[in-house]
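Colleague: I'm new to this one, so could you walk me through it? Let's start with whatever sits around the ligand.

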Amino acid sequence: MSRRSGNLEVVPLEAHHIPRAATLVAEGAREQRHAAPQLPFTLDDSTVAAELLEPLAGNGLGVVVLDDGALVGLLAGVAVPLWGSPGVYVAEWGNAARGPEVVLAAYAAASQLWVAAGCAAHVVTLWAHAAANEAAWHQLGFGRVVVDAVRGLDEIEGGRGQVRRATVADVAEIVSLEEALWRHLAAPPVSRVHPPPAGPAGVAERLADPRRPAWIVEDGGRAIGYVSLTSGEHETTALAADDTAVCDGAFVVPEVRRRGAGRCLVSAAMGWAAAEGFARLAIDYESANLEAATFWPGAGFRAVLHSVARTVILPKAP
Ligand SMILES: CC(C)(COP(=O)(O)OP(=O)(O)OC[C@H]1O[C@@H](n2cnc3c(N)ncnc32)[C@H](O)[C@@H]1OP(=O)(O)O)[C@@H](O)C(=O)NCCC(=O)NCCS
C-alpha cells in the first residue's frame, strides 16, 4: 500500500520508520508540557515510544506519512474490542502529525486497513494542546469521548465539609457510594459501561491497602461523598510515572453538590499525596460527564490528552 495526497505519501509502518516516528511523538510530548507543565517526562524520551511501537510495525494497522521523504506523521493502532465490537485503538505514543493535512492523509489510508480488518470502532488518543489536529479528527467524524487531566499538589480553594480518611469500618459507605458513581456513569448523558464496582470484598481489600486510600465527607454523621486514589496503575503512558497519583473514584450525592464537598475531598487526597512524595494527581473523565467536565478544570486540573472516537459501518457484500 502506498497512497499519495498532494505532496504527502502514506506507507505502511515498518521497523525502519520507528526511530523517526518516535522522535515526532517525543516532540508532541514536549509541546504538551508548555500547556500543562505537570505532564511527566515519560514520553520525552523517544526510546519509550520506540519500544512500544516495535511490535506494531508490520501488524497491518499502522501507517506513516512522508513529505518529500521526511516523516511527518504516524498513525499506528492495535486491534482491540471496543464497546462490544472489534476496534482499533491508537495510543498517544502511536500517533503524531505535523498539521491537520497530515491527520487527514493518515486516517484516509489507515481507515482502509482498519475496515478491511473488520474493525468498526476507531479510537485515537491525542495531545490536548493540538487543537488544529483535533479539528481535523472532528472533520473526519470523530468526537471527543475522554479527557485525561493533571494537577500539581498545591493548595486547592473553595472546599467545605467534614472530611476523614476511610477505614475498614467504612466498607458499607464506600460500596454504596461506588455503586452510585457507577450508576451515574452508566446513565445518560454519559452512558458508558465501566467495570462493575468492586463490592464489599473488593472495597475491604482496598481499604486495608495503604497505597489505595479513600476519604469520606460527612454531613450530620452520614457519608455524602468520597474520593479514592491509587498509584502505579496508569492506563496512559503519558501520565505514567512513579510520582503520579491517580484519582480512581469521586462522588458526592446530588442533593449536596456545588457546596464545596468535592473540593474538600480532593484537597484531603492531595494533602496525603504530597506527604507521600507524589508530585501530581491525574484524573480521566468522559467529556459527556457534565459535572466532571466542569468540576476538574475548576479545581485546577489541566487537560493533557483528548481521546476521540468514531464507529463506522462496515461495508457488506452487495
Ligand atoms: C464531580 C463531583 C464529585 C463534584 O462534587 P461537588 O461537591 O459538587 O464539588 P464542589 O461543590 O466542590 O464543586 C465546585 C465546582 O464544581 C463545579 N461544578 C460542580 N458541579 C457542577 C454542575 N452540576 N454544574 C456546573 N458546575 C458544577 C463548579 O465550578 C463548582 O464551583 P461553583 O459552585 O463555585 O461554581 C460531583 O459533581 C459528582 O459527584 N458528580 C457525579 C459523579 C462524577 O462525575 N464523579 C467524577 C467522576 S470522574
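Modeller: Sure, and keep in mind that this is a predicted model. Five elements each supply at least two residues of the shell around the ligand: α5 (171-186), β13 (244-252), α7 (261-275), β14 (280-286) and α8 (290-298).

Colleague: Which element gives the largest share of the shell around the ligand?

Modeller: That's α8, with 4 residues.

Colleague: And which residues come nearest to the ligand?

Modeller: The shell has 19 residues, and A250, V252, R258, G260 and N289 come nearest. Sorted by class, the shell holds 8 nonpolar, 5 polar and 6 charged residues.

Colleague: Where does the ligand meet polar backbone atoms?

Modeller: To read a polar contact, look for N or O atoms paired within 3.5 Å. Here a ligand oxygen sits 2.8 Å from a polar backbone atom of V252. For R263 the distance from a polar backbone atom to a ligand oxygen is 2.9 Å, and for R259 it is 3.0 Å.

Colleague: How much of the ligand does the protein bury?

Modeller: On its own the ligand exposes 920 Å², and the protein buries 79% of that.

Colleague: Now something else: is E92 buried or exposed?

Modeller: For a salt bridge, the charged side-chain atoms must come within 4 Å. E92 is buried yet has no salt bridge, and R33, the nearest side chain of opposite charge, is 12 Å away. You'll find E92 in the loop between β6 (85-90) and β7 (95-97).

Colleague: Which backbone nitrogen lies 3.0 Å from a polar atom of the E92 side chain?

Modeller: The one belonging to T237.

Definitions and conventions: Residues numbered from 1 in each chain as written. Predicted model: local features only at pLDDT ≥ 70, side-chain atom pairs only at ≥ 80, totals over all residues. Heavy atoms only, no water. Near = heavy atom within 4 Å. Polar contact = N/O pair within 3.5 Å; in protein donor to acceptor, adjacent residues only side chain to side chain. Areas by Shrake-Rupley, 256 points an atom, 1.4 Å probe, with all protein chains shown as cover. Nonpolar A, V, L, I, M, F, W, Y, C, P; charged D, E, K, R; others polar. Buried < 20%, exposed > 50% of the residue type's maximum accessible area, 1.4 Å probe, protein only. Lys, Arg positive; Asp, Glu negative; His and termini not counted.
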